[in-house]
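I opened a fresh page for this structure and wrote down each thing as I looked it up. The entries follow the order in which I went through the parts.

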Protein chains: 2
Amino acid sequence: MKVVFLGTAASKPTKERGLSSIALQYKGNVVLFDCGENAQRQMLSIIKPSKISSMFLTHFHGDHILGIPGLLMTMSLNERKEPLYIYGPKKTIYFLKNFFKSGYFGITFDVIIKELKDKDIVDFKEFYVRSFETNHGVPSLGYVFKEKDRRGSFIEEKAKKLGIKGRMFAELEKNGEIYLGGRKITLEEVTDPKKIGKSIVYTGDTLPVDIPFEECDLLIHDATFLNDQDRNDTYHSTVKEACETAVKIKAKKLVLTHISQRYSIGEIQEEAWKYFENTIVAEDFMVIEL
Amino acid sequence: MKVVFLGTAASKPTKERGLSSIALQYKGNVVLFDCGENAQRQMLSIIKPSKISSMFLTHFHGDHILGIPGLLMTMSLNERKEPLYIYGPKKTIYFLKNFFKSGYFGITFDVIIKELKDKDIVDFKEFYVRSFETNHGVPSLGYVFKEKDRRGSFIEEKAKKLGIKGRMFAELEKNGEIYLGGRKITLEEVTDPKKIGKSIVYTGDTLPVDIPFEECDLLIHDATFLNDQDRNDTYHSTVKEACETAVKIKAKKLVLTHISQRYSIGEIQEEAWKYFENTIVAEDFMVIEL
């Protein structure tokens, strides 16, 4: 599983940073979180647009969504036929409908749009994405990406000793238990400990919020401001607040993103290390493997 | 006067080329022709968004207009107050209205949108822009930018010899003529030959069309295809056709743009030189001074 940071700027692009977009590469599929202007160019020779199966949008400020129509137009020029699923907060359908009526786009595939609420689950075969409400002054969501847990491998010797053989393995796998000579044998008894799926939490833009998931492998958090007084009346987090949230949910690693051009990376990194050691400041094209 | 090529790709961005946008810097003002996705980032440290007074759009395919909302959002973050004028073909108002309803943009200034028809003139103090219909399968316009001609400098010695002095200069300037001792003296008599204003023609995307302007200093022409058979049923020009148009309207210089990634620059340049010598193949960030 690879997390590719396609854009890490706050609100306006800079020479070094494009607008918000994160691609999650998972077994040949790509799930895109936000799609800021120019995402399609940022992903050149990294992500094939045809691999993007679904898109999760945190909110409808321009810097998080203006790359959508261009990307869909390019997918259409590439003659995509597969449907694309777009998930987002309240008003996603209204906004995207207007978007597609703002020019001649000639989309060649179905775009299936679904609005999510707090704590909705979108279930995929090997993972799920769960939304949670954030606090950004407009309808907004954060997302938990959770790879499903899988059973451990069979401990063949132990299983054989208990008399399991042939099609019994399949039955045990299917039902979670099997009766042999009056004794119940559970799947857990004859397999290694289950493999815990990886998990990623992405907040999008937000003031600090409660995240309904603990011990994620990676927390990607808004960290627009270094000082509380710079925030004014905007709904963003400070570096310190992002770190405090990481501590609170026992995140294993923290990536700070939505980086304002007013601070140096050194300043941000130094501030973060005061509160949470395993912190990285995001950069465009940075890749994190999990 | 500087013409800055901010994006020169055809339909999709490449690593080297952004999407269509051309900035014309004229005495501290900037007129933008088309505004493809990411134009705001392409213009970083070249064009200040605050200097853009008006925008002329050739048509509403995504690669020519998807940079508009992001640019306007950035202008708003910069607290712009001055109105912005946007001109384009039929349906410009409908499309832009939907555009501004596709997210939360919080525009801080007036956006004045006007739809132009064939051979409309938008008059500015020192120049005018004239639209002409092009042939691109959807409502589309090309534009002539024409700096107004100015009178030559006064030939002071000659004027004095004829008795012109003091406030008479202002009167002559205003009325174009003055009567002195019963003799009519015209402005032309006592000034150097008039200074012919510079002129630029931009076609946008189009099949070859009649351009209602001759001997322009610069013709910027769609040259998407090298071979006629690559065109299929698209409404674009070949390199040869762009050159033929340059010859026909006696353009002084030709810039080929909307460059398809399927050809090498060398091939395009070589083909062009067969038909029109003073041809350049556009590149991103190329600047032409006039």
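**Entry 1: a salt bridge in chain A**

I began with Glu126(A), which counts as partly exposed because its relative accessibility is 32%; on this scale buried means under 20% relative accessible area, exposed over 50%, and partly exposed in between, with a 1.4 Å probe and protein chains only. I noted that this is a predicted model, in which local features need pLDDT of at least 70 and side-chain atom pairs count only at pLDDT 80 or more, while totals for chains, interfaces and linings use all residues. I also noted that residues are numbered from 1 along each chain as its sequence is written, that chains are lettered from A and ligands numbered from 1 in the order in which they are written, and that side-chain values use heavy atoms, with hydrogens and water left out.

The partner of Glu126(A) that I looked up is Lys27(A), and the two form a salt bridge whose closest N and O atoms are 2.7 Å apart (a side-chain nitrogen of Lys or Arg within 4 Å of a carboxyl oxygen of Asp or Glu). This pair links distant parts of the chain, 99 residues apart: Lys27(A) sits in the loop between strands E2 (21-26) and E3 (29-33) of chain A, and Glu126(A) in the loop between strands E7 (121-123) and E8 (127-133). Helices (H or I, at least four residues) and strands (E, at least two) are DSSP runs, numbered from the N terminus.

**Entry 2: other salt bridges**

I found a total of 30 salt bridges over all chains. Asp118(A) and Lys119(A) meet in one, at 3.1 Å from N to O; Asp118(A) is partly exposed at 33% relative accessibility, and Lys119(A) is partly exposed at 42%.

In chain B, I looked at Glu173(B) and Arg151(B), whose side chains meet in a salt bridge at 2.7 Å, N to O. Their positions are 22 residues apart, with Glu173(B) in helix H6 (residues 168-175) of chain B and Arg151(B) in the loop between strand E9 (141-147) and helix H5 (156-161). Glu173(B) is partly exposed, with a relative accessible area of 39%, and Arg151(B) is partly exposed, with 31%. I then wrote down that Lys146(A), Asp149(A) and Lys194(A) are joined into one network by salt bridges that share partners.

**Entry 3: where chain B meets chain A**

How many residues of chain B are in contact with chain A? I read 43 residues of chain B in contact with 43 residues of chain A, contact meaning heavy atoms within 4.5 Å. The area buried between the two chains is about 3,400 Å², of which carbon and sulfur atoms give 57%; buried area is the accessible area (1.4 Å probe) that two parts lose on being put together, summed over both. In chain B, the residues that lose the most area to chain A are Glu37(B), Arg41(B) and Tyr104(B), together 23% of what that side buries.

I counted zero salt bridges between chain B and chain A, but 19 residue pairs in polar contact, both at pLDDT 80 or more. A polar contact is a pair of N or O atoms within 3.5 Å; within protein, one must be able to donate a hydrogen and the other to accept it, and residues adjacent in sequence count only if both atoms are side-chain atoms.

**Entry 4: a buried threonine in chain B**

I next placed Thr203(B) in the loop between strands E12 (199-202) and E13 (218-222) of chain B. Thr203(B) counts as buried because its relative accessibility is 0%. A polar atom of its side chain lies 3.1 Å from the backbone nitrogen of Asp222(B). Leaving aside neighbours within four places in sequence, Thr203(B) is in contact with several residues, including Phe132(B), Leu141(B), Ile211(B) and His221(B).

**Entry 5: helix H7 of chain B**

Which residues of helix H7 (residues 239-248) of chain B are buried? I listed Val239(B), Glu241(B), Ala242(B), Cys243(B), Thr245(B) and Ala246(B). The buried residues of H7(B) pack against E13, strand E14 (254-257), helix H8 (265-275) and strand E15 (279-281) of chain B. Just after H7(B), Lys250(B) takes a positive phi of about 55°.
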